[in-house]
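Please open the structure in a viewer that permits selection by residue number. The stops below are to be taken in order.

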Amino acid sequence: MDKKQLTGHLIALVTIVIWGITFISTKILLVDFSPVEILFIRFIMGFIGLCFIYPHRLKIKNRKEELLFIGAGLTGICLYYLLENFALTMTSASNAGVIVSVAPFFTAILSYFFLKEEKLKKSFFIGFLVSMIGIIMMSYEGSQLELNPMGDFLAFLSAVVWAIYSLITKKISQLGYPTILTTRRAFVYGILFMIPFVMMTDFNVSLSQIFQMKYIFHFLFLGFGASALCFVTWNYAIKVLGAVQSSVYIYLVSVITVIVSVIFLNEPINWIIGIGTLLTVVGLVISEYQKNDN
C-alpha cells in the first residue's frame, strides 16, 4: 500500500466517523424541524461553505460530463437522503440500518458490470457476510425483526441509489477536475432536485429558528462538516481507492453509532453488541484485502 492509498483509507475512515455521529445532531433537530427541512438547510449551508473555501468556477467541457453531475446530485445528494428519511418514518431504525448497510454489495456488483477496472474477489463477499452478521447482531439486540414492506423497500432503494452515486462519483473523479468544485456542482443539482419536495411539504423555517443556540451548532456540524467537508473527502477517497474499497467503510456506521451512543447517551453495551461490533470490523478488514487474493 503506497502513501496515497493509505491517505485514502484514513480519509474514508474519518468521513465515516463523522457521518456515524450525525444521528445525534439530526435527532436533536427533529424536535422542531422536519427531515426535509433539515436536509435542505444542511446542503444549502454546505454549498455556501464550499463557495467560501474554493471560490472558483468549474468549466464543463461537454453535455456528457454535465449529465454525470446531474446524476450525482440526483442520487447521492437528493434521493439517497430523502429515501432514507422517508424509510425511517415507515420502518424501524434497525431495519433501515441493516438494509442501508448492504450498499457496498450493490456497489461491488454495479462496479463489476460498469467499471471494468474494479474486479470482485472472494474476500469481498466473505467480508460482506461477516460484517452483515455483526451489523444484524448490533441492530436487533433486544428487539424483534418486524417487516415493514414499504419502509424496508425505500431503505433498499436508498442502498441501491448510493451504489449508483458511488459509480458516478468514480466516473467524475476521472475527469481531472478539483474535487471541491465537482462536489459543489453536484450539490447545486441536488438542491435543485430537492426544491419540489420542499414545496410539497409545510416548509416554514426562519433564520431566527436556525440560529437558536440549541440548534445552530448542529446545523453547522451537518452543513459544513457532514455535508461540505465529508462529501469532498468521500469523493476523494473514491477517486483514490475506487468505489468498491471506499464503500465497505459504510459497515462502520453502525459501529460508530454504538460507540457514540455509549459515550454520549450512556446507552448500555452487552456481549451481543460487543461481538457484533468485532465481527463488523473484522469483515471490513477482510474486504479491504480483496486485491491481494487470487
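The tour visits one helix and its two partners, then a pair of residues, and then a further helix.

This is a predicted model, in which local features require pLDDT of at least 70 and side-chain atom pairs count only at pLDDT 80 or more, while totals for chains, interfaces and linings use all residues. Residues are numbered from 1 along each chain as its sequence is written, and side-chain values use heavy atoms, with hydrogens and water left out.

**Stop 1: helix 3**

Select residues 35-53, which form helix 3; helices are DSSP runs of H or I with at least four residues, numbered from the N terminus. Helix 3 has 19 residues and spans 27 Å from its first C-alpha to its last, close to the expected 27 Å. The expected span is 1.5 Å times one less than the number of residues.

Next, colour the buried residues, meaning those under 20% relative accessible area with a 1.4 Å probe and protein chains only. In helix 3 they include Val36, Glu37, Ile38, Arg42 and Leu50. Among the elements covering the buried residues of helix 3 are helix 2, helix 4 and helix 10 (207-210).

**Stop 2: helix 3 against helix 11**

Add residues 213-241, helix 11. How closely do the axes of helix 3 and helix 11 come, and at what angle do they cross? They come within 8 Å and cross at roughly 60°. Axes here are lines fitted to C-alpha atoms, for helices over the stretch in contact, with angles from 0 to 180 degrees between N-to-C directions. Helix 3 is therefore oblique to helix 11; angles under 35 degrees count as roughly parallel, over 145 as roughly antiparallel, 65 to 115 as roughly perpendicular and the rest as oblique.

The crossing is right-handed, that is, the near helix is turned clockwise from the far one by less than a right angle, whereas anticlockwise would be left-handed. Contact means heavy atoms within 4.5 Å. Residues making this contact include Ile38, Ile41 and Met45 of helix 3 and Phe219, Leu222 and Phe231 of helix 11. By class, the contact has 13 nonpolar, four polar and one charged residues. Ala, Val, Leu, Ile, Met, Phe, Trp, Tyr, Cys and Pro count as nonpolar, Asp, Glu, Lys and Arg as charged, and the others, Gly among them, as polar.

**Stop 3: helix 3 against helix 9**

Replace helix 11 with helix 9, residues 179-200, whose axis comes within 10 Å of that of helix 3 and crosses it at roughly 150°. The two helices are therefore roughly antiparallel, and the crossing is left-handed. Among the residues that meet are Val36, Phe40 and Phe47 in helix 3 and Ile180, Phe187 and Ile191 in helix 9. This contact divides into 17 nonpolar, two polar and one charged residues.

**Stop 4: Ser158 and Leu83**

Select Ser158 in helix 8 (residues 149-173). Ser158 is buried, at 0% relative accessible area. Beyond neighbours within four places in sequence, Ser158 contacts Tyr80, Leu83, Glu84 and Val100. Ser158 and Glu84 are 74 residues apart in sequence, yet 5.9 Å apart from C-alpha to C-alpha.

Move to Leu83 in helix 4 (residues 63-88), which counts as buried at 15%. Residues up to four places away aside, Leu83 touches Leu154, Leu157, Ser158 and Val161.

**Stop 5: helix 13**

Finish at residues 252-264, helix 13, with 13 residues and a reach of 18 Å. Its buried residues include Leu252, Ile256 and Val260. The buried residues pack against helix 1 (3-20), helix 2 (22-29), helix 7 (122-140) and helix 14 (271-288). Asn266, which follows helix 13, has a positive phi near 55°.

How values were computed:
Buried < 20%, exposed > 50% of the residue type's maximum accessible area, 1.4 Å probe, protein only.
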